[in-house]
Amino acid sequence: MSKAFERYQRRKLISSYFSVVLSIALVLFLLGILGLLVLNTKKMADRSKEQITISVFLKEDAKDMEVEQLQKTLAMSEYTKSATYVSKEEAAAQHSKEIGEDFVDYLGYNPLKNSIDVKLNADFVTAEKVAEIAATLEEKSYVDEVSYDRVLVSMVAKSVEKIGFWILVASAIFTVIAVLLINSSIRLSIYSKRFIIKTMQMVGATKSFIRKPFIWQNIKLGMLGALIALIAIAGVIYYVNTNFQDLGLLEDPMILVILLVGVFLLGMIISLLSTYFATQRFLNLRTDELYY
């Protein structure tokens, strides 16, 4: 009878530990994925912004020296990511490839102009800054026209701001939920041992002495849950980086290291604090209050 009861208690204890570890792992995994999204939001937004092109069309009588000087000036400007000279022959060939026929032969002449395609650094892709850059370039006597998609520039800038704001809001809300869920799991685990806690207190054990084994035990469970979450997060990162290399998740390994270390420490810290306050609550209860 005694052995059967011990086996029952052991299974109950293992089940309790498993529940805590699983709760911590799932919550930290979701929090880690959200953290990965937050850390890479700016990178993905910058990639979108830097795909926008400003085309500086040159006049037919523009001198080679002027064009070369303009390209060098643009390449050295703080707002420029790249500046590429495109001759009207190259532009015609590209356009013919896109439409599937040689329009130059059809028209009898090439209506396109030599140009310099400028891609801007992400920080300068706002409606006001792009308009200012375009106005400055149009002042040059050998520049015929500066063309860019004004609607796209405004839309991208506004969309990035909205997405960034809502991701931060979602991150804050989910972080609070994560803490509450892990805290609830640990409190339920300690609740089943409330009579043991009170018995130890009644025989003279100090509060710190009673808390210590519970805190250490749950920190170990938090570390185990965090480790499981890290393995799952690493699997997701590997899958995404293999199938969507354009996202460049592994371009900055330090961001990933910070994220993984942060998830691991978070699992430990939440476990420690939750255990401390849960045990403190039961230590402060009167004996008759343990039954409610």
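Q: Strands here are DSSP runs (E) of at least two residues, numbered from the N terminus. Which strand is the place of I116?
A: I116 is in strand 3, which covers residues 115–120. Keep in mind that this is a predicted model.

Q: Okay! Is I116 buried or exposed?
A: I116 has a relative accessibility of 0%, and because buried means under 20%, I116 counts as buried.

Q: Which residues is I116 in contact with, beyond its neighbours within four places in sequence?
A: There's quite a list to look through. Among them are I54, S55, V56 and L58. The list also includes V67, L70, Q71 and L74, as well as A83, T84 and Y85.

Q: And how far apart are the C-alpha atoms of I116 and S82?
A: They are separated by 9.9 Å, while their positions lie 34 residues apart along the chain.

Q: You mentioned S55. Where is S55 found?
A: S55 sits in strand 1, which runs over residues 53–58.

Q: Is S55 buried or exposed?
A: Its relative accessible area is 16%, and because the cut-off for buried is under 20%, S55 is buried.

Q: What joins the side chains of S55 and D117?
A: A polar contact of 3.2 Å links those two side chains. D117 also appears among the contacts of S55 once neighbours within four places in sequence are set aside, along with I116, E145, V146 and S147.

Q: Let's zoom out. How many helices and strands does the chain have?
A: The secondary structure comes to 9 helices and 4 strands. Reading along the sequence, you meet them in the pattern α-β-α-β-α-α-β-α-β-α-α-α-α.

Q: What share of the residues in the chain is buried?
A: Buried residues account for 36% of the 292 residues.

Q: And for contacts between residues at least 6 apart in sequence, what share join residues at least 24 apart?
A: That share is 82%.

Q: Now the helices. At what angle do helix 8 and helix 9 pack?
A: Helix 8 (residues 207–243) and helix 9 (residues 253–284) pack at about 150°, and their axes are 8 Å apart. Because angles over 145 degrees count as roughly antiparallel, helix 8 and helix 9 are roughly antiparallel to each other.

Q: What kinds of residues make up the contact of helix 8 with helix 9?
A: They divide into 17 nonpolar, 8 polar and 2 charged residues. The crossing of helix 8 past helix 9 is right-handed.

Q: How do helix 7 and helix 8 cross?
A: Their axes cross at roughly 150° and come within 9 Å, with helix 7 spanning residues 194–202. This crossing is right-handed.

Q: Which residues of helix 7 and helix 8 meet there?
A: From helix 7 you have I197, M200 and Q201, and they meet K207, F209, I210 and F214 of helix 8. The residues of this contact split into 5 nonpolar, 1 polar and 1 charged.

Q: One last residue: where does A25 lie?
A: A25 lies in helix 1, residues 2–49. A25 is buried, with a relative accessible area of 6%.

Q: And which residues does A25 contact, leaving aside neighbours within four places in sequence?
A: A25 is in contact with G225, I228 and A229. You can also look at A25 and M223, whose C-alpha atoms are 9.2 Å apart in space even though the two residues are 198 residues apart in sequence.

Terms used
Residues are numbered from 1 along each chain as its sequence is written. This is a predicted model: local features need pLDDT of at least 70, side-chain atom pairs count only at pLDDT 80 or more; totals for chains, interfaces and linings use all residues. Side-chain values use heavy atoms; hydrogens and water are left out. Buried means under 20% relative accessible area, exposed over 50%, partly exposed in between (1.4 Å probe, protein chains only). A polar contact is a pair of N or O atoms within 3.5 Å; within protein, one must be able to donate a hydrogen and the other to accept it, and residues adjacent in sequence count only if both atoms are side-chain atoms. Contact means heavy atoms within 4.5 Å. Axes are lines fitted to C-alpha atoms, for helices over the stretch in contact, and angles run from 0 to 180 degrees between N-to-C directions. Angles under 35 degrees count as roughly parallel, over 145 as roughly antiparallel, 65 to 115 as roughly perpendicular and the rest as oblique. A crossing is left-handed if the near helix is turned anticlockwise from the far one by less than a right angle, and right-handed if clockwise. Ala, Val, Leu, Ile, Met, Phe, Trp, Tyr, Cys and Pro count as nonpolar, Asp, Glu, Lys and Arg as charged, and the others, Gly among them, as polar.
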